[in-house]
Amino acid sequence: MPETSAALAEIQHFLPCPTPRAWIDNALANQDLMLIDHAHCEKKAASTALSLMYRYMDNHDLLNKMSRLAREELRHFEQVLAIMKKRGVTYCHLSPARYAAGLRREVRSDDPGRLVDVLIVGAIIEARSCERFAALAPHLDDTLADFYNSLLKSKARHYQDYLKLAERANGGPVDERVGKFLAIEKELIEAPDEEFRFHSGPVTH
């Protein structure tokens with residue numbers, strides 16, 4: 001779809017680097033683990049949206065956008081669980097990737113800076129998820145490829161929603177803060193990682 005293609009092109013331009021080929025190879029060799037961590041990512045994304053709704057109850061635009069986002073993320077969570085069940089993959093606890101924590105370390109502690117930064121981090125995570133779904137889809141079986149392609153549109157919209165909310169919370173452009181977080185993101189995506197996760201760097205051992 002042209003709309004999805006344009007949104008993906010925008011995201012690829014926004015991100016500081018493409019997903020390394022080594023990570024794609026890791027994912028293809030660990031598809032059960034990829035699905036388990038993907039389910040965790042969808043659940044965490046819904047939780048983040050809900051926590052923003054509880055913390056910023058006077059922000060009407062944020063409440064509406066995060067309510068919709070949380071519903072979509074939980075629906076995606078259910079869809080991943082259904083795919084896992086059909087494939088005999090058991091949902092279990094996993095240690096989190098260093099990715100989200102690495103980005104959130106730079107979040108300011110006081111508002112409005114805190115809200116601006118949390119929203120920017122949300123935008124980057126959604127953008128990277130979208131980029132990775134698109135990078136993986138050509139290499140996957142039809143069922144999983146169709147599912148990952150179906151997620152691109154909503155992930156692209158979530159990225160845009162987060163970024164617009166950040167600009168509103170900041171009262172203007174957020175380019176400087178975005179640049180700071182994207183520099184951290186590039187390091188997290190390109191540097192070798194100890195464990196494979198959906199948002200990990202490439203595992204080289």
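Tutor: Helices (DSSP runs of H or I, at least four residues) and strands (runs of E, at least two) are numbered from the N terminus. This is a predicted model, in which local features need pLDDT of at least 70, side-chain atom pairs count only at pLDDT 80 or more, and totals for chains, interfaces and linings use all residues. Residues are numbered from 1 along each chain as its sequence is written, and side-chain values use heavy atoms, with hydrogens and water left out.

Student: How many aromatic pairs does the structure hold?

Tutor: Rings of Phe, Tyr and Trp (its six-membered ring) pair if their centres lie within 6.5 Å, and planes under 30 degrees apart count as stacked, over 60 as edge-to-face and the rest as tilted. Counted in this way, the aromatic pairs in the structure number 7.

Student: Are the rings of Phe133 and Phe198 stacked, edge-to-face or tilted?

Tutor: The centres of the rings of Phe133 and Phe198 are 5.1 Å apart. Their planes meet at 40°, and so the class of the pair is tilted.

Student: How many residues apart in sequence are the parts that the pair of Phe133 and Phe198 ties together?

Tutor: Phe133 belongs to helix α6, while Phe198 is in the segment after α8 (175–190). Because the two rings sit in these separate parts, the pair ties together places whose distance in sequence, counted in residues, is 65.

Student: Which residues form one aromatic cluster?

Tutor: Phe133 and Phe198, the two rings of the tilted pair, both belong to the cluster. Joined with the other members, the complete aromatic cluster consists of Trp23, Phe133, Phe147, Tyr148, Phe196 and Phe198.

Student: Are Phe133 and Phe198 buried or exposed?

Tutor: Buried means under 20% relative accessible area, exposed over 50%, and partly exposed in between, with a 1.4 Å probe and protein chains only. By this scale, Phe133 and Phe198 are each buried.

Student: What is the relative accessibility of Glu73 in helix α4?

Tutor: Glu73 has its place in helix α4. This glutamate counts as buried because its relative accessibility is 0%.

Student: How far apart in space are Val116 and Gly171, C-alpha to C-alpha?

Tutor: Val116 is part of helix α6, and it counts as buried because its relative accessibility is 1%. Along the sequence, Val116 and Gly171 are 55 residues apart. Taken from C-alpha to C-alpha, their separation in space is 9.8 Å.

Student: Is the peptide bond from Asp111 to Pro112 cis or trans?

Tutor: Pro112 is placed in the loop between α5 and α6. Most peptide bonds are trans. In the bond from Asp111 to Pro112, however, omega is near 5°, and the form is cis.

Student: How far apart in space are Glu187 and Phe198, C-alpha to C-alpha?

Tutor: Glu187 lies in helix α8, and it counts as exposed because its relative accessibility is 51%, whereas Phe198 is buried. In sequence, Glu187 and Phe198 are 11 residues apart. From C-alpha to C-alpha, the two residues have a separation in space of 16 Å.

Student: What distance separates the C-alpha atoms of Glu195 and Arg98?

Tutor: Glu195 is found in the segment after α8, where its relative accessible area of 41% is the reason why this residue is partly exposed. Along the chain, Glu195 and Arg98 are 97 residues apart. The distance between their C-alpha atoms is 9.4 Å.

Student: What distance separates the C-alpha atoms of Gly201 and Met34?

Tutor: Gly201 also has its place in the segment after α8, and this glycine counts as buried because its relative accessibility is 0%. Between Gly201 and Met34 there is a spacing of 167 residues along the chain. In space, the C-alpha atoms of Gly201 and Met34 are separated by 13 Å.
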